[in-house]
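Here's a quick walk through a protein model, starting with its charged pairs and working round to the helix and the odd spots in the backbone. Have the structure open as you read.

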Amino acid sequence: MSDTVSVTITQQQGYQFLVDFGTGMPALTTDEPAPLGQNAGPAPTHMLAAALANCLSASLLFALQKYKQDAGGMKATATCVIDRNEAKRLRVVRIDVDIALGADGAKLEHLDRILGQFEEFCTVSQSVQAGIPVKVSVTDGKGQRLGS
């Protein structure tokens with residue numbers, strides 16, 4: 001079984017594009033930061049970071065719910081590290097994703113199993129990792145790092 005997802009982008013002005021996600025979803029304006037653009041919306045690297053943080057968070061939530069565990073809320077921060085390659089072109093060289101649960105990790109059952117498998121459920125990170133290293137860390141509501 002295969003599935004497809006399409007978005008359509010239309011240039012508005014300069015480096016600003018309107019992203020149409022399809023029927024029933026609000027459109028989004030994207031832009032490049034100055035000096036190229038006017039910073040009127042997220043840049044492509046922001047979108048990449050958001051996609052990873054969202055997918056990994058949803059995957060962790062899925063894994064927690066599979067074992068009937070409550071995350072106690074969740075917050076994720078994704079950071080793209082951008083550097084120049086050998087040809088002096090800017091590239092995303094690494095993405096760090098930090099996920100913070102609201103719950104106390106010591107009170108979550110099956111946590112080792114959950115942390116050991118949740119990344120496998122994330123379509124985006126598993127696809128991106130083929131070309132860009134993605135480092136993921138999870139902390140609990142007390143700020144304690146969970147897993148290895």
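A salt bridge here is a side-chain nitrogen of Lys or Arg within 4 Å of a carboxyl oxygen of Asp or Glu. By that rule, a search of the whole structure turns up two salt bridges. Before going further, some ground rules: this is a predicted model, where local features need pLDDT of at least 70 and side-chain atom pairs count only at pLDDT 80 or more, while totals for chains, interfaces and linings use all residues. Residues are numbered from 1 along each chain as its sequence is written, and side-chain values use heavy atoms, with hydrogens and water left out.

**The charged pairs**

One bridge links the side chains of aspartate 96 and arginine 94, at 2.9 Å from N to O. The other brings together lysine 142 and aspartate 104, at 3.1 Å from N to O. Lysine 142 sits in the loop between β6 and β7 (145-146) and aspartate 104 in the loop between β5 and α2, so this pair ties together parts that are 38 residues apart in sequence. Helices (H or I, at least four residues) and strands (E, at least two) are DSSP runs, numbered from the N terminus.

How covered are the partners? For the labels in the table, buried means under 20% relative accessible area, exposed means over 50%, and partly exposed is in between (1.4 Å probe, protein chains only).

| Residue | Relative accessible area | Label |
|---|---|---|
| Aspartate 96 | 17% | buried |
| Arginine 94 | 36% | partly exposed |
| Lysine 142 | 61% | exposed |
| Aspartate 104 | 16% | buried |

Across the protein chain there are 13 positive and 15 negative side chains, and the centres of the two sets lie 5 Å apart. In that count Lys and Arg are positive, Asp and Glu are negative, and His and the chain ends are left out. Each charge is placed at NZ of Lys, CZ of Arg, CG of Asp or CD of Glu.

**The overall build**

The protein chain has three helices and seven strands, and from the N terminus they run β-β-β-α-β-β-α-α-β-β. Its C-alpha trace spans about 50 × 40 × 35 Å along the principal axes. Of the 148 residues, 32% are buried. Taking contact as heavy atoms within 4.5 Å, 51% of the contacts between residues at least 6 apart in sequence join residues at least 24 apart. The accessible surface comes to about 9700 Å², with 52% of it belonging to carbon and sulfur atoms; the areas come from the Shrake-Rupley method with a 1.4 Å probe, and for residues only the protein chains shown count as cover.

**Helix α1 and what it touches**

Now look at α1, which covers residues 44-66. Its 23 residues reach 33 Å from first C-alpha to last, close to the 33 Å expected at 1.5 Å a residue; the expected span is 1.5 Å times one less than the number of residues. Its buried residues include Ala49, Leu52, Cys55, Leu56, Leu60 and Leu64. Which elements do the buried residues of α1 pack against? They pack against β4 (74-84), β5 (90-101), α2 (111-117), α3 (123-128) and β6 (134-139).

Serine 125 is worth a click here. This residue is found in helix α3 and counts as buried at 1% relative accessibility. Leaving aside neighbours within four places in sequence, serine 125 is in contact with Leu52, Leu56 and Glu119.

**Odd spots in the backbone**

Lysine 68 follows α1, in the loop between α1 and β4. Although it isn't a glycine, lysine 68 has a positive phi of about 55 degrees. Is this residue buried or exposed? Lysine 68 is exposed, with a relative accessible area of 75%.

Histidine 110 is another non-glycine with a positive phi, about 60 degrees. You'll find histidine 110 in the loop between β5 and α2, partly exposed at 41% relative accessible area. The C-alpha atoms of histidine 110 and leucine 64 are separated by 8.6 Å, though the two are 46 residues apart along the chain.

Lastly, a cis peptide bond joins alanine 34 and proline 35, with omega about 15 degrees. Proline 35 lies in the loop between β3 (28-30) and α1.
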